Number of protein chains: 2
Amino acid sequence: MEAQFLQWLYERLPPHRHLKIGAGDDAAVIAGLSSRGTVITTDLVSDGVDFRLGEVDPRRVGRKALAVNLSDLAAMAAKPQAVVVAIALPRLGTEEALALAIALYEGMLPLSEELDVPIVGGDTNTHDGPLVLCGTAIGAVSERGPLTRHGGRAGDRLLVTGTLGGSLAGHHLDFMPRVREALLLHESYEIHAGMDISDGLALDASRLAESSGCGAVLDVDRVPISDAARNMAEPLQRALGDGEDFELLLAVAPGEAARLLDNPPVACGLTDVGELISTAGLWQRETSGEVTPLEPSGWLHR
Amino acid sequence: MEAQFLQWLYERLPPHRHLKIGAGDDAAVIAGLSSRGTVITTDLVSDGVDFRLGEVDPRRVGRKALAVNLSDLAAMAAKPQAVVVAIALPRLGTEEALALAIALYEGMLPLSEELDVPIVGGDTNTHDGPLVLCGTAIGAVSERGPLTRHGGRAGDRLLVTGTLGGSLAGHHLDFMPRVREALLLHESYEIHAGMDISDGLALDASRLAESSGCGAVLDVDRVPISDAARNMAEPLQRALGDGEDFELLLAVAPGEAARLLDNPPVACGLTDVGELISTAGLWQRETSGEVTPLEPSGWLHR
């Protein structure tokens, strides 16, 4: 299986200007990276936890394994440079295993091309367990430095890209990591702090606030709720608590936020959902103005 | 479990000069890498295939997950810069899961320190399967450039570090990746080609030869056989065919090889086991001088 698969793969991995030595040696060699620093992140997804192989096209699974890592680069506003992917296939017949490995890559390769980040290495084997994919992405720190969670200030507006909630209906497999949006926003605007929303807006807003030595108030009536969440019970709770939105959460000074919202530079939408405050904790504000504590009950990793 | 584990871990991850932003943000940021290029490699190990968790100390498992990746950097004679590790734990009770995650890191941290390569990020979760660890290592290309498989020439001697065979008796868990040896040899001597022996000398020698457009003859009576293999049936076959030696295989011009062997600069030993020839294929030469085809029947990845 491995030899057949590698032959298939080597024919489809396009050359890339970042790549000096590609597949076929002990490791890949990529061109020198930014002297400003390199962002590195790894994420593992597994059948039964992060997807259900029996219920979805494996192309979407491969795509997700790549996308979650690229979302972490977006969270740091880093420019993707290269990814490697290790795959543990479940024990299957040779033909079936080959078809699965190929389908996973058929999901990864188009996203890799779209975001101009080469898959430079991998490790595809079989093991006594469910399908596991482990991606690692490296990116170049931008001229402005990395976008971190800790630069927010009391008074900053909290902005989110896209819409939130109901990811399990499909978005968690098909989302587009906000790589371009993060680079554009970080380059052209003064963003104090940022992250990707992977565990739900409430929990992740509380994390960003805490990292910045602040609290956060969410204007819950303004939270942009996805169509998927609107079709579920308690749409707002889904938008606040569901995981895997993979949208950006940004802390921006009020004037800069107004400039951004007046003429949003990103097609995915940008919504003001609240602000950082000097009082620690997470709070919600209703349209009436009433402020009450909000439980940061996001999707905790099991 | 995750919060407790991360608290434990963050207290034990030492600061490192390579690290600009460590654990706690969306991704790690390491200092700018060599302009000569960056080596990147990933390897996944899984319970039941690469180790048996019920039979070994999990510290040795964690150590192996790190060591196999560092061996791939050694294979390219790259200087380790950083590693990230994703772990999928089997479903266990909270206490047991915490103890396992800690033990895995207790195996990784000393090796990380010994070889001066920081663990800069990770992803530790639980899934519906056996223990899986996926490491990714990045390294800086040395001043001489990467050590590749394709620079060998007919007439080159084939040298190996250490001794070979019988790795399953314990070496596959406890080996020291030949990072320092590779750097020293590549820096001070003219090594035409090199790799790490992960699938057995016979198979890997045939690969190095093929990548270099050559064939290879192994002087089978000279192959350094490990004590572990000597205690097994057919020691030579084990030294030729067992996987996971993680020693270096190097192709070196005869004069340079003589200089190396006269006064070996590495404590692990260095043995001349054959040569590259212009005729394709893998061959064995007995002490009598008789040359016959040798099946490259190494340990093929399942």
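Here are three short exercises on how chains A and B meet in this predicted model.

**Exercise 1.** Work out what rotation and what shift superpose chain B on chain A, and how the two copies are related.

*Solution.* Start with the general picture: two copies of a chain are related by a rotation about an axis and a shift along it. Here, the rotation is 180° and the shift along the axis is 0.0 Å, with an RMSD of 0.0 Å. The two copies are therefore related as by a two-fold rotation axis. Next, look at the surface: both copies use the same one, since 100% of the contact residues of chain B recur in chain A.

**Exercise 2.** Describe the extent of the interface and find which three residues of chain B bury the most area.

*Solution.* Begin with contacts: 59 residues of chain B touch 59 residues of chain A. Then take the area, about 4,400 Å² buried between the chains, with 57% coming from carbon and sulfur atoms. On chain B's side, Asp26(B), Ile40(B) and Leu44(B) top any other trio, supplying 15% of what chain B buries against chain A.

**Exercise 3.** Find what Asp26(B) pairs with, and which strand of chain B pairs with β3 of chain A.

*Solution.* Count the salt bridges between the chains first: there are four. Asp26(B) makes a salt bridge with Arg149(A), with 3.0 Å between the closest N and O atoms. Polar contacts across the interface come to 15 residue pairs. As for elements, β3(B) gives the most to chain B's side, eight residues. Finally, the strands: β3 of chain A (residues 38-46) runs antiparallel to β2(B), joined by three bridges. Within that pairing, Thr38(A) has Ile30(B) as its bridge partner.

Note on methods. Residues are numbered from 1 along each chain as its sequence is written. Chains are lettered from A and ligands numbered from 1 in the order in which they are written. This is a predicted model: local features need pLDDT of at least 70, side-chain atom pairs count only at pLDDT 80 or more; totals for chains, interfaces and linings use all residues. Side-chain values use heavy atoms; hydrogens and water are left out. Copies are superposed by least squares on the C-alpha atoms of residues with pLDDT of at least 70 in both. Contact means heavy atoms within 4.5 Å. Buried area is the accessible area (1.4 Å probe) that two parts lose on being put together, summed over both. A salt bridge is a side-chain nitrogen of Lys or Arg within 4 Å of a carboxyl oxygen of Asp or Glu. A polar contact is a pair of N or O atoms within 3.5 Å; within protein, one must be able to donate a hydrogen and the other to accept it, and residues adjacent in sequence count only if both atoms are side-chain atoms. Helices (H or I, at least four residues) and strands (E, at least two) are DSSP runs, numbered from the N terminus. Two strands pair if DSSP finds at least two bridges between them.
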